[in-house]
Amino acid sequence: MEIQLAESWKAVLFDEMEKEYFKNLTEFIDEAYESSVCYPSKEQVFAAFDHCSFDDLKVVLIGQDPYHGKGQANGLCFSVNTGIAIPPSLLNIFKELRADLGQEIPGDGNLERWAKQGVLLLNATLTVEEGNAGSHQKKGWEQFTDQVIKTISEQKKGLVFLLWGGYAKKKGKKIDRNKHLVLESGHPSPLSANRGYWFENRHFSACNTYLKNKAIDW
């Protein structure tokens, strides 16, 4: 797989991407995309980095796996390609956004508009086989994204990390909470949200209060 990371990310991740495990990972991904249908498209695997430069980073939102349904995943966690129906978790995110900031629920689930403002929409695993959730876990992606989070925590300050659900909380254990604001809640999936672990977390307003004049237009 030919990797074309934006220059700002290459500068901080080059050494990691030269490691043996990452070379093995790229070989696995090449074989997987040749032998089966995988998502997102190869061009979108690193979309989270393409749309949000390291220099402009303000917020890090940690997801788990890309959507594994046809045409959904676009390389940004929780986000879907334009024209695709809004998945239940994303709809609950929009509902909380409406309750928190009074914004109307958008008709489009493509979150590129967030990414371009400095929100890194980072899945722990960046690829998946169609219809087979978690199929590309434990192949090296988690090690890579752990290093991404560690590097961001160490080299930046004053960022907001959004950890929604148990998996994201574990993923964010090494974030330096003396340098950054870490907001945690339940996952926005219906199972979690309907049990009272998601709604009324007010993370969007809390994030913007912390960022002050760098607030995100959610």
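## Helix 4 and its surroundings

At 1.5 Å a residue, the 14 residues of helix 4 should span 20 Å, and the end C-alpha atoms of this helix are in fact 20 Å apart, which agrees. The model is a predicted one, and every value in this report should be read with that in mind. The buried residues of helix 4 are S89, L90, N92, I93, F94, E96, L97 and D100, and what covers them includes helix 5 (112-115), strand 5, helix 8 (190-193) and helix 9. An α-helix has 3.6 residues a turn, so residues three or four places apart point the same way. Helix 4 is followed by G102, whose phi is positive, near 75°.

Within helix 4, S89 counts as buried because its relative accessibility is 14%, below the 20% under which a residue is called buried. Not counting residues up to four places away in sequence, S89 touches F78, H187, P188, S189 and P190.

## The contact of helix 4 with helix 9

Helix 4 (residues 88-101) packs against helix 9 (residues 203-211) at an angle of about 60°, and the axes of the two helices are 8 Å apart. The two helices are therefore oblique to each other. On the side of helix 4, the meeting residues are I93, E96, L97, D100 and L101, and on the side of helix 9 they are H203, F204 and S205. By character, the residues of this contact divide into four nonpolar, two polar and two charged.

## The parallel sheet

Four strands form an open sheet in the order 3-2-5-6, with parallel pairing. Its edge strands are strand 3 (119-123) and strand 6 (181-185), each of which pairs on one side only, and the twist averages 20° from one strand to the next. Helix 6 packs on the sheet, where it touches strand 2, strand 3 and strand 5, and its direction makes about 150° with that of strand 3.

Strands of a sheet pair through backbone hydrogen bonds, either parallel or antiparallel. Here strand 2 runs parallel to strand 3, to which it is joined by five bridges, and V59 stands opposite V119 in strand 3. Strand 2 (residues 59-63) also runs parallel to strand 5 (residues 160-164), and four bridges join these two; V60 stands opposite F161 in strand 5.

## Strand 3, an enclosed edge

Although strand 3 is an edge strand that pairs on one side only, five of its five residues are buried, so this strand is largely enclosed by the rest of the structure. Both of its faces are covered, with V119, L121 and N123 buried on one side and L120 and L122 buried on the other.

## Helix 2 and its partners

For the 16 residues of helix 2 (residues 20-35), a rise of 1.5 Å a residue should give a span of 22 Å, and the end C-alpha atoms are 23 Å apart, which agrees. The buried residues of helix 2 are Y21, F22, L25, T26, I29, D30, A32 and Y33. These buried residues pack against helix 1 (7-17), strand 1 (38-39) and helix 6 (141-155), and helix 6 is also the helix that touches strand 2, strand 3 and strand 5 of the sheet.

## E129 in strand 4

E129 is found in strand 4 (residues 128-129) and, at 29% relative accessibility, counts as partly exposed. Leaving aside neighbours within four places in sequence, E129 is in contact with S36, V37, C38, H68, S135 and H136. From E18, by contrast, E129 is 111 residues apart in sequence and 25 Å apart in space, C-alpha to C-alpha.

## Backbone details in the loops

Most residues other than glycine have a negative phi, and most peptide bonds are trans. F78, in the loop between strand 2 and helix 4, has a positive phi, near 70°, and at 10% relative accessibility this residue counts as buried; F78 is also among the residues that S89 touches. E200, in the loop between helix 8 and helix 9, likewise has a positive phi, near 70°, but E200 is exposed, with a relative accessible area of 64%.

The peptide bond from Y39 to P40 is cis, with omega near -10°, and P40 lies in the loop between strand 1 and helix 3 (47-50).

How values were computed
Residues are numbered from 1 along each chain as its sequence is written. This is a predicted model: local features need pLDDT of at least 70, side-chain atom pairs count only at pLDDT 80 or more; totals for chains, interfaces and linings use all residues. Side-chain values use heavy atoms; hydrogens and water are left out. Axes are lines fitted to C-alpha atoms, for helices over the stretch in contact, and angles run from 0 to 180 degrees between N-to-C directions. Angles under 35 degrees count as roughly parallel, over 145 as roughly antiparallel, 65 to 115 as roughly perpendicular and the rest as oblique. Contact means heavy atoms within 4.5 Å. Ala, Val, Leu, Ile, Met, Phe, Trp, Tyr, Cys and Pro count as nonpolar, Asp, Glu, Lys and Arg as charged, and the others, Gly among them, as polar. The expected span of a helix is 1.5 Å times one less than its number of residues. Buried means under 20% relative accessible area, exposed over 50%, partly exposed in between (1.4 Å probe, protein chains only). Two strands pair if DSSP finds at least two bridges between them.
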